[in-house]
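Hi,

Here is the structure I promised to pass on. Have a look at it first, and then read my notes underneath.

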Amino acid sequence: MNDSSWGAPPQAGYWGPSDQGPVQGAAPAGPAYDAPEAQQTRPMPIVPDGPAVPRYGDDQDDDRGAARLSGPLFRDETPQARPYGTVPENPEPMPDAPQPAPQPQKKSAGRDLGAAIGVGVGLGAVIIASLFVVKAAFVGVIVVAVVVGLWELTSRLQERKEIKAPLVPLAVGGAAMVVAGYVRGAEGAWVAMALTALAVLVWRMTEPPEGYLKDVTAGVFAAFYVPFLATFVAMMLTADDGPWRVLTFLLLTVVSDTGAYAVGWRFGKHKLAPRISPGKTREGLLGAVSFAMVAGALCMQFLIDDGTWWQGLLLGLAVAVSATLGDLGESMIKRDLGIKDMGTLLPGHGGIMDRLDSLLPTAPVVWLLLVVFVGSG
């Protein structure tokens, strides 16, 4: 019987009955479907046409074009349920859960107002008592403020920048500067300033030369910034109405700061100097000018001998500008040092230097304008 009657091609390695070699005419080795001339031994049954049922996840037609029955043809085509926790390829978006409405945030003052007010009232009482009882006592208050301010400034310079401005000659020279200004006026203040700078240069020579230039430069700057500017307060005190001049100076500076804070906190939107002090606004500056001008008119009219209201308007304007510049100047120093406050001696205020920042540059402005308006007294 001929094996080819089944229609199956001879397989590779098939040996005839005689086991003497492969049958003549056998197809080359390989699977049956590799041979282009091969014929199927059993034709596949014709599947009736019907709608193809895609498997789960199929989104394209069968590449072979074979029709399928209404059910799966093979076991592995049975749709399987998705395991628990499986996310489908195109999940339907879930509706967003209702979010609570954001609560409006209240503006913060940034400091403990209770402590700040308490300390301010206490300092005011000390100043008023020393100012109107004995003038020399107020000079002592200025000296103490100067020495503490120098200590804060030099300590921060050494901590943050490793600048060793000598404190001893600065403190001694600063105290002498204030006393000389009260006793000898501007001439005595300038002489004491020169001697203090010389003392700083000599004192620093006792240490190694490394960093000498930056240390003495910082020392001379500190001598000018703190005690020399404070000397103008002592010089104001020497006039016949000296206590009232000093009180006017203090009131205008405090009122300017208060007006800037109140108006800026309530209405401030446009930054004044964001790179130096982000909290200050143009609206706050307008508040400082307005408050200080009104207070200046009242002080010059009722507190200063021979003073008039229009002089007070000019004085208040000058105080608002100088106080703002002084505040920005110290903010620049603190930003360079990377600190918020110069000290922690005054709760709610920071350090002494944080209260002197507006007063120090305003002192020579007020002294000069008062001399121009009503004389040295």
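Below is what turned up, going from the whole chain to two residues in loops.

Before anything else, keep in mind that this is a predicted model. The protein chain has eight helices and two strands. If you follow the sequence, the order is α-α-α-α-α-β-β-α-α-α, with the two strands sitting between the helices of that pattern.

Now for packing and surface. The chain runs to 377 residues, and 36% of them count as buried. Among contacts with a separation of 6 or more, 67% are between residues 24 or more positions apart. On the outside, about 23,800 Å² is exposed, and 63% of that comes from carbon and sulfur atoms.

Then there are two backbone spots to look at. Most residues other than glycine have a negative phi. Glu162 isn't a glycine, yet its phi is positive, near 55°. You'll find Glu162 in the loop that links helix 2 (135-161) to helix 3 (167-204). With a relative accessible area of 59%, Glu162 is exposed, since the cut-off for that is over 50%.

The other spot is Asp306, also not a glycine, with a positive phi of about 65°. Look for Asp306 in the loop between helix 6 (282-302) and helix 7 (309-337). Is Asp306 buried or exposed? Its relative accessibility is 70%, so Asp306 counts as exposed.

So, when you open the model, Glu162 and Asp306 are the two loop residues to pull up.

Cheers

Key: Residues numbered from 1 in each chain as written. Predicted model: local features only at pLDDT ≥ 70, side-chain atom pairs only at ≥ 80, totals over all residues. Heavy atoms only, no water. Helix = DSSP H or I, 4+ residues; strand = E, 2+ residues; numbered from the N terminus. Buried < 20%, exposed > 50% of the residue type's maximum accessible area, 1.4 Å probe, protein only. Contact = heavy atoms within 4.5 Å. Areas by Shrake-Rupley, 256 points an atom, 1.4 Å probe, with all protein chains shown as cover.
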